Amino acid sequence: MPELLLEVKGLKKYFSINGGILGRKQGEVKAVDDISFSVNKGETLGIVGESGCGKSTTGRLLMRLIEASDGSIVFEDKEITKMSKSELRKVRRDIQMVFQDPYASLNPRHSIEQILEEPLIVHGIGTKEERRKQVKEMLEVVGLSSYHAKRYPHQFSGGQRQRIGIARALMTKPKLIIADEPVSALDVSIQAQVLNLMKDIQTEFQLTYIFIAHDLGVVRHISDRVGVMYLGRLIELSEGEELYDNPLHPYTKALLSAVPIPDPDVKKETILIQGDLPSPSNPPSGCAFHTRCSECMDICKTTRPKERVVNGHYVACHLYKE
Ligand code: SF4
């Protein structure tokens with residue numbers, strides 16, 4: 001029986017747009033607009049969507065790096081949105097983040113030893129000697145060597161820097177890692193190595209992942225379940241392979257049709273998405289995808305589709321009845 005680790009309900013993040021001489025509120029960007037999902041212990045949930053769909057904002061909301069406008073985030077029976085600063089500090093030991101650009105997230109003036117030791121110092125873990133020992137062990141875990149501890153970020157390749165980013169996230173022995181586009185900035189050959197590393201350490205450290213990416217191909221082999229976001233909304237979520245074999249939402253179908261298949265004999269038709277991504281500050285009425293959907297009906301223009309469970313998928317589209 002899967003054990004629940006994280007439950008998100010009705011999560012919203014609206015950013016105000018202020019303007020004019022008085023800086024009054026002139027509108028808002030609905031970066032995350034009423035999304036709900038859960039994550040079980042030990043699983044990997046992939047979250048996919050175009051840039052600006054709200055997936056990275058969702059990751060930051062879960063760690064409370066930014067405050068939610070509404071909704072609930074329960075991690076191990078504790079409500080994150082209502083925690084005091086000291087409670088939040090404790091829970092951040094259990095939830096860590098890996099960022100897209102490891103170079104930007106590693107202080108260039110600090111040695112790798114200082115970078116990896118920092119989370120332990122912040123959380124008051126171990127003596128100096130124990131911390132230094134753990135740094136060396138962790139470097140080995142991520143495929144680097146203990147002698148790398150004295151070097152600086154600029155002395156490493158992109159792939160090695162991401163390994164350091166992963167090592168830093170692992171230092172506090174977290175339960176959940178939110179990986180925000182962790183391989184997007186890397187060459188394709190290096191991407192596979194980093195993904196394999198993440199898979200290996202998942203078992204070793206009993207980790208749960210939320211893996212955020214813009215590419216459905218990248219999350220396929222690492223995710224147990226995959227959710228697709230569009231303009232701040234979660235429009236489909238299902239078991240990973242089921243989503244790839246039998247997508248329901250027209251947007252998911254279009255995204256998947258653009259993922260290349262490494263077999264020249266397999267022909268597939270690319271479904272073109274019409275038009276540009278609408279502005280999140282002025283999203284279309286009804287179904288947010290209706291301005292680009294080839295299957296749009298009258299109801300789609302006026303009524304936001306409810307999330308329904310269809311063939312084991314959670315899907316928000318008027319084409320489907322529960
Ligand atoms: Fe297309 Fe309508 Fe479904 Fe939206 S609700 S994806 S517009 S069919």
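Two strands pair if DSSP finds at least two bridges between them, and both strands and helices are DSSP runs numbered from the N terminus, with at least two residues (E) for a strand and at least four (H or I) for a helix. With that in hand, let us start with strand 10 (residues 233-239) and strand 12 (residues 313-316): they run antiparallel and are joined by 2 bridges. One residue to look for here is Glu236, whose bridge partner in strand 12 is Val315.

The model is a predicted one, in which local features need pLDDT of at least 70 and side-chain atom pairs count only at pLDDT 80 or more, while totals for chains, interfaces and linings use all residues. Residues are numbered from 1 along each chain as its sequence is written, and side-chain values use heavy atoms, with hydrogens and water left out.

## Sheet and hairpin

Strands 10 and 12 belong to an open sheet of 8 strands with mixed pairing, in the order 6-7-8-3-9-10-12-11. At its edges are strand 6 (95-98) and strand 11 (307-310), each of which pairs on one side only. On average, neighbouring strands of this sheet are turned by 20° against each other, direction ignored. Axes here are lines fitted to C-alpha atoms, for helices over the stretch in contact, and angles run from 0 to 180 degrees between N-to-C directions.

Two helices can be placed against these strands, with contact meaning heavy atoms within 4.5 Å. Helix 6 (residues 158-170) lies across strand 6 and strand 7 (176-180), and its direction makes an angle of about 175° with strand 6. Helix 7 (residues 188-204) lies across strand 3 (44-48), strand 7 and strand 8 (208-213), at about 160° to strand 8.

Now to the hairpin. Strand 1 (residues 4-19) pairs with strand 2 (residues 24-40) in the antiparallel sense, over 13 bridges. Asn18 stands opposite Lys25 in strand 2. Between the two strands of the hairpin there are 4 residues, and Gly20 takes a positive phi near 75°.

## An aromatic cluster beside helix 10

Which residues do ring pairs link into a cluster? They are Tyr230, Tyr251 and Phe289. Rings of Phe, Tyr and Trp (its six-membered ring) pair if their centres lie within 6.5 Å; planes under 30 degrees apart count as stacked, over 60 as edge-to-face and the rest as tilted. The structure holds 3 aromatic pairs, among them the two shown here.

| Pair | Centre to centre | Angle between planes | Class |
|---|---|---|---|
| Tyr230 and Phe289 | 5.0 Å | 80° | edge-to-face |
| Tyr251 and Phe289 | 5.1 Å | 65° | edge-to-face |

Tyr230 lies in strand 9 (residues 225-230) and Phe289 in the loop between helix 10 (250-257) and helix 11 (298-302), so their pair ties together parts 59 residues apart in sequence. Tyr251, in helix 10, is 38 residues from Phe289, and this pair too links distant parts of the chain. Both Tyr230 and Phe289 are buried, where buried means under 20% relative accessible area, exposed over 50%, and partly exposed in between (1.4 Å probe, protein chains only). Tyr251 is buried as well.

Why is helix 10 described as largely enclosed by the rest of the structure? Because 7 of its 8 residues are buried. They are Pro250, Tyr251, Thr252, Ala254, Leu255, Leu256 and Ser257. These buried residues pack against helix 8 (216-220), strand 9, strand 10 and helix 9 (240-245).

## Lys55, Glu181 and Asn311

Lys55 lies in helix 1 (residues 55-62). Is Lys55 buried or exposed? Lys55 is buried, at a relative accessible area of 4%. Its side chain reaches the backbone oxygen of Gly49 at 3.1 Å. Beyond its neighbours within four places in sequence, the contacts of Lys55 include Ile47, Val48, Glu181, His214 and Met229.

Most residues other than glycine have a negative phi. Glu181, in the loop between strand 7 and helix 7, has a positive phi near 50°, and Glu181 is buried with a relative accessible area of 7%. Asn311 also has a positive phi, of about 50°, and sits in the loop between strand 11 and strand 12. Asn311 is exposed, with a relative accessible area of 59%.

## Cysteines

How many disulfides (pairs of cysteine sulfur atoms within 2.5 Å) does the structure hold? The number is 0. Cys300 is buried with a relative accessible area of 8%, and Cys317 counts as buried at 9% relative accessibility.

Methods:
Polar contact = N/O pair within 3.5 Å; in protein donor to acceptor, adjacent residues only side chain to side chain. Disulfide = S-S within 2.5 Å.
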